[in-house]
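Q: Please take a close look at one part of this model, the run of strands towards the end of the chain, and describe how its pieces are joined and what surrounds them. I would like a careful, connected account.

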Amino acid sequence: MKIAKLSLVILAFLASAAAASGDGKKTPWKMSGDLEEACSCDAACPCWFDSKPTKMTCGGGQVIFIEKGSYGDVPLDGLGIAMMGQSPEGKTMMESIGNWNFLNFYIDEKANSAQRKALEEIVRATSPPAVAPEKIQIRYVPITRKIQGGEHVVTVGKYAGFSGHLIPGGMGGASPKLANSPGADPIHKEYSQGRTSKQTLDDAGQKWSWANSNYMYTTFHVTSEDYDKFTTMMMQEMEKAKAAAGSRTKS
């Protein structure tokens, strides 16, 4: 990742996250399940490689279906969370962090009050710090998925949805997998590549409708400790980038 390009907003966000993780009050969590993701870029999405989106913006999001999970002693089995957002025109996803056009969170309406609070904490921890926290919209909606043969059909209430399928690899082999891309966090450390059949959004002043765009799928097992380590690593890289930028300015 071209760390030097990242907004200083990330550093402030990561510093806040690191402080929270070190104050002894953070609730541990863990979850395993499926990630479904789609965006407006042509497959494979260049944003994960700190390149500019194939359209002027990158619009899309991720939907997490938790098979087994817990937040402290709060069970999260069978629940879902989602985020949808859009980067500004002509910017890479990474360099525009903190200045996205919008970022919305969607929490499974089946969750009780304790589970909703837990899921909100997890979706914040696993989403990019794309906008100031007070600009995030949170909605409680049904989050569903149907797997019809090779097609995965995902809906996020009345607001968003997509249908996607994995593409075959070379010589008709297994679907191509991307591993350890420069923008990867613990959930995205490896994923299979596909294409959408359809993607829509009617929220945040947007009305999307496109097809044959980027689709990604993976199974995962992650913990709050994984994200604490990720945050620490990113903090270290950001500090190195700040020091290098300071040296160039002085010279």
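A: In this predicted model, strand S8 is joined to strand S9, residues 160-166, by five bridges, and the two strands run antiparallel. Within that pairing, histidine 152 has glycine 164 in S9 as its bridge partner. The connection between S8 and S9 is a hairpin with three residues between the strands, and glycine 157, which sits in the turn, has a positive phi of about 55 degrees.

S8 is also paired with strand S7: six bridges join S7, residues 143-148, to S8, residues 151-156, and these strands too run antiparallel. Here isoleucine 147 is the residue that stands opposite histidine 152, the residue whose partner in S9 is glycine 164. S7 and S8 likewise form a hairpin, with two residues between them, and glycine 149 in that turn has a positive phi of about 65 degrees.

Valine 141 belongs to strand S6, and its relative accessibility is 5%, so, with buried taken as under 20%, valine 141 counts as buried. Leaving aside neighbours within four places in sequence, valine 141 is in contact with Tyr106, Ile107, Asp108 and Glu109, and also with Val156, Gly157 and Tyr159; Gly157 is the glycine in the turn between S8 and S9. The C-alpha atoms of valine 141 and threonine 155, which are 14 residues apart along the chain, are separated by 9.6 Å.

Strand S6, residues 137-141, is also one of the strands against which the buried residues of helix H2 pack, the others being S1 (29-39), S2 (59-71), S3 (74-75), S4 (80-86) and S5 (102-108). Those buried residues of H2 are Gln115, Ala118, Leu119, Glu120, Ile122 and Val123. At its N-terminal end H2 is capped by asparagine 112, a side-chain oxygen of which lies 3.1 Å from the backbone nitrogen of alanine 114. The length of H2 can be checked as well: its 13 residues, 113-125, should span 18 Å at 1.5 Å a residue, because the expected span uses one less than the number of residues, and the end C-alpha atoms are 19 Å apart, which agrees.

As to confidence, the protein averages a pLDDT of 89, with 86% of the residues scoring at least 70. Over residues 1-7, however, pLDDT stays under 50, and for that stretch the model has 22 contacts beyond four places in sequence.

Notes
Residues numbered from 1 in each chain as written. Predicted model: local features only at pLDDT ≥ 70, side-chain atom pairs only at ≥ 80, totals over all residues. Heavy atoms only, no water. Helix = DSSP H or I, 4+ residues; strand = E, 2+ residues; numbered from the N terminus. Buried < 20%, exposed > 50% of the residue type's maximum accessible area, 1.4 Å probe, protein only. Contact = heavy atoms within 4.5 Å. Polar contact = N/O pair within 3.5 Å; in protein donor to acceptor, adjacent residues only side chain to side chain. Pairing = 2+ DSSP bridges. pLDDT = per-residue confidence, 0-100.
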